[in-house]
Amino acid sequence: MQDTATIAFFLGVIAYSVAATLFFLELARREPGVRGAQWAPRVLAIGAVAHAAHIVTASLLSRVCPVESLHFGLSLSALIAVTVYLLVRKRLRMNAIGAFIAPVALTFLIGAQFVGEASAAAASLPRGLLALHIAANVSGVGLFLIAGAAGAFYLVQERRLRKKHVKSGGSRLPALDLLERTEHRLLLAGFPLLTFGVVTGALFVHRLGENGNADFFRTLLGYATWLLLAGVLFLRQAAGVRGRRATYGTLAGVVCMLLVMLLYAVRLGGGSS
Amino acid sequence: MIVVVGLSHRTAPIAVRERLVLGSDALPGFLRQLTERPEVGEALLISTCNRVELVAAGRAGADALERVAQACREALAAHGREIEPHLYAYTGGAAVRHLFRVAASLDSLVVGEPQILGQVKEAYDVARKLGTVGSILHRTLPRVIRAAKRVRTETAIGSGQVSVPSVAVELTRQIFGELSGRAVLLVGSGEMAEAVARLLKGAGTQLSVIGRTPERVAELADSVGGKSLAWADLKSALGVADVIVSSTSAPGFVIDHEMVASGRKARRGKNRFFIDLAVPRDIEPSIERLDGEFLYNIDDLSQVVAEALSSRSREADAAEAIVAREAEGYDRWADAEQATPTIVALRARLSAALEEELSRSLRGKLKHLGPDDRAALERMVESALNRMLHQPTVRLRQAALDRNGDVLPLDQLSLALSELFALASEPNAEEGEDPADSEPRAVAVRR
């Protein structure tokens, strides 16, 4: 089992690395390359399968449910992002976003190896609610990662068109409207999960009485993420704010979310709540 | 070797080219009639809106190429007196190079256009079905098509759009993606704007036309399949439209900053694309500072076209290099083919002699041999024949390919072999059957 987990981990790392390289090469090409465009998602899918195998075998080995551990939660969020991307890629014609998703998945897969164990205090939290809290956060992170990628690509594509740095023969990037719609839909899908995560997180903080600097900033950033993304969704609905300004808001929210994840990962003593 | 005789956009105006258009009813008779002439062995006709070319090969080798070309010229000129002065003819290596360039779209009006390869393939298929292509064109056309495919896959000669209207539509797709159902407003009635509108209509958009002259607007709306609007509705129409194509002859801005900015709230932040094809400009340039509003004028679009054309020109150089290499490969193959008639005749002569002797022995002293022994004997004779022929085949091919006089010339070797072995003209040799390319044939034995 240990060997299987190790092999799956390294296979995942290799596949994500190759997929990221292929996606970047495809983006860098002057003309669309059919082979690169075909193989990058396939290799990414192989990486996702290996990644899933690693999570299953490693969680069995350590006797931890993947949604009850930050270690696996981080890894799982990247896997969810990759899976969602692979599912929506063809329908939304968003191949280029793989150039963002593949390196992020690789980083999370490797990064999760260095996350500390759960604190003893976390063991006192209700297991069911903790599992739901982590599952909601992990799924939300996966969706927001792709929303952030779509937003980043939106800004690049928008700048290209606005500065008239366009070439005949099309662009490797998806159409502006498609990027904007994808970003909005993923925010809509992820926002209830984020809300649930923030509410349960607040309950846990109150119950554990954690009040260190890292916990304070983490909580603050969690609220900032929620506020920013709620603001983006509200302003779009109420005032039709979209495009560049809405994307800046989305990206700010995603950055806050990533900082929360980073604080989870680096805090001394580690914890899963 | 082949000949190419025809006319194209380079040599003939459309009034002449259209005289040579042969319908699918007339083509079979035309090709059959041509290939029934004594000097023409094979022929196919490439017919596009920009060129009509006969590709033909003779019955009696390279010496007859001029006669084949003359026959083709006469066949084409028979369609009208004005055709003859516009015809060109290429023979031998020049014809091969020309054909490679045509299929690779290097000789096209729009270099890199993709249709020509399909048209060459179709011409070949039609002639093949009619039975008017033989061994030479059967070997030439696949090489031509393969070279053209190489050009398309190894260079970017076919990428990109190269006209202002097509670039405008491509940019619209980069903003909106799927265009089906998008609202397009055509302001004014310029020719280029009309072309853009037609392309957008073809992509499934909802087209409206607005202008100062109601009759002209109605006429244009009918022509492009859109809805006509009154000039007074311009502001409200702008609020609905996703793409605005403007080309009026107004001396000042027809669509100003205030008009665009005031309608933005109703659009709830949705992107909008303005294409200004007018000179002087119709749309105030400052609108592109507004979030979600994109503006391209004729200069911006022309710049994209110019870059695409310059990129194609660079790619055309790479394509020419590929064509040159492929044509060189064809030349080598064609040179080597000159040795084929002698090789085939020599094989036939030796094979016939061995077959006769073997049959005689098997009917006489060796008649006691069983089927296995007979088969072993036949294999041995066949093997010996192949070994005997190996060296002469290699030498003859070397002589055919030699251009430096390092070995005896092919004609001398062929003559010597013909004299020594009393080689007769072989039907297979004329058809260019290549013993090196085919499976070793068993010596047929009469039992």
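Here is a short conversation about a predicted model and the terms used to describe its parts.

Visitor: What makes up chain A, going by its helices and strands?

Guide: Chain A has eight helices and zero strands. From the N terminus on, its elements run α-α-α-α-α-α-α-α.

Visitor: How do you know that A:Ile146 is in contact with A:Ala81?

Guide: Two residues count as being in contact if their C-beta atoms lie within 7 Å. A:Ile146 is in contact with A:Ala81, and also with A:Val84, A:Tyr85, A:Ile97, A:Ile101 and A:Leu186, leaving aside neighbours within four places in sequence.

Visitor: Which residues touch the most other members of the largest nonpolar core?

Guide: They are A:Ala81, A:Ile101, A:Ala105, A:Ile146 and B:Val245, out of 122 residues in that core. Helix H5 (residues 127–162) of chain A gives the largest share, 16 residues. Another core, of 62 residues, lies apart from it and includes B:Val4, B:Val68, B:Leu76 and B:Ile83.

Visitor: Why do strands S7 and S10 of chain B stand at the edges of the sheet?

Guide: The six strands form an open sheet in the order S7-S6-S5-S8-S9-S10, with parallel pairing. Strand S7 (227–229) and strand S10 (293–297) each have a single partner strand, so one side of each is left without a neighbour in the sheet. From one strand to the next, the twist averages 20°.

Visitor: How do you know that S6 of chain B pairs with S7(B)?

Guide: Pairing needs at least two bridges. Three bridges join strand S6 (residues 206–210) to S7(B), so the two strands pair, and they run parallel. B:Ile210 stands opposite B:Leu229 in S7(B). Helix H9 (residues 214–224) of chain B packs on the sheet, touching S6 and S7, and its direction makes about 160° with that of S6(B).

Visitor: What makes the span of helix H15 of chain B close to the one expected?

Guide: The expected span is 1.5 Å times one less than the number of residues. Helix H15 (residues 371–401) has 31 residues, for which 45 Å is expected, and it reaches 44 Å from its first C-alpha to its last.

Visitor: Where does the kink lie in H15(B)?

Guide: A kink of about 30° lies at B:His390, shortly before the proline B:Pro392.

Visitor: Which residues of H15(B) are called buried?

Guide: The buried ones are B:Leu385, B:Leu396, B:Ala399 and B:Ala400. The term applies because a buried residue has 20 or more other C-beta atoms within 10 Å of its own. Their cover includes helix H13 (298–337), helix H14 (340–363) and helix H16 (410–421) of chain B.

Definitions and conventions: Residues numbered from 1 in each chain as written. Chains lettered and ligands numbered in written order. Predicted model: local features only at pLDDT ≥ 70, side-chain atom pairs only at ≥ 80, totals over all residues. Helix = DSSP H or I, 4+ residues; strand = E, 2+ residues; numbered from the N terminus. Core = buried A, V, L, I, M, F, W, Y, C linked by C-beta atoms within 7 Å. Buried ≥ 20, exposed ≤ 12 C-beta atoms within 10 Å, placed from the backbone. Axes fitted to C-alpha atoms, helices over the stretch in contact; angles between N-to-C directions. Bend = angle between axes of the 7 residues up to and from the residue.
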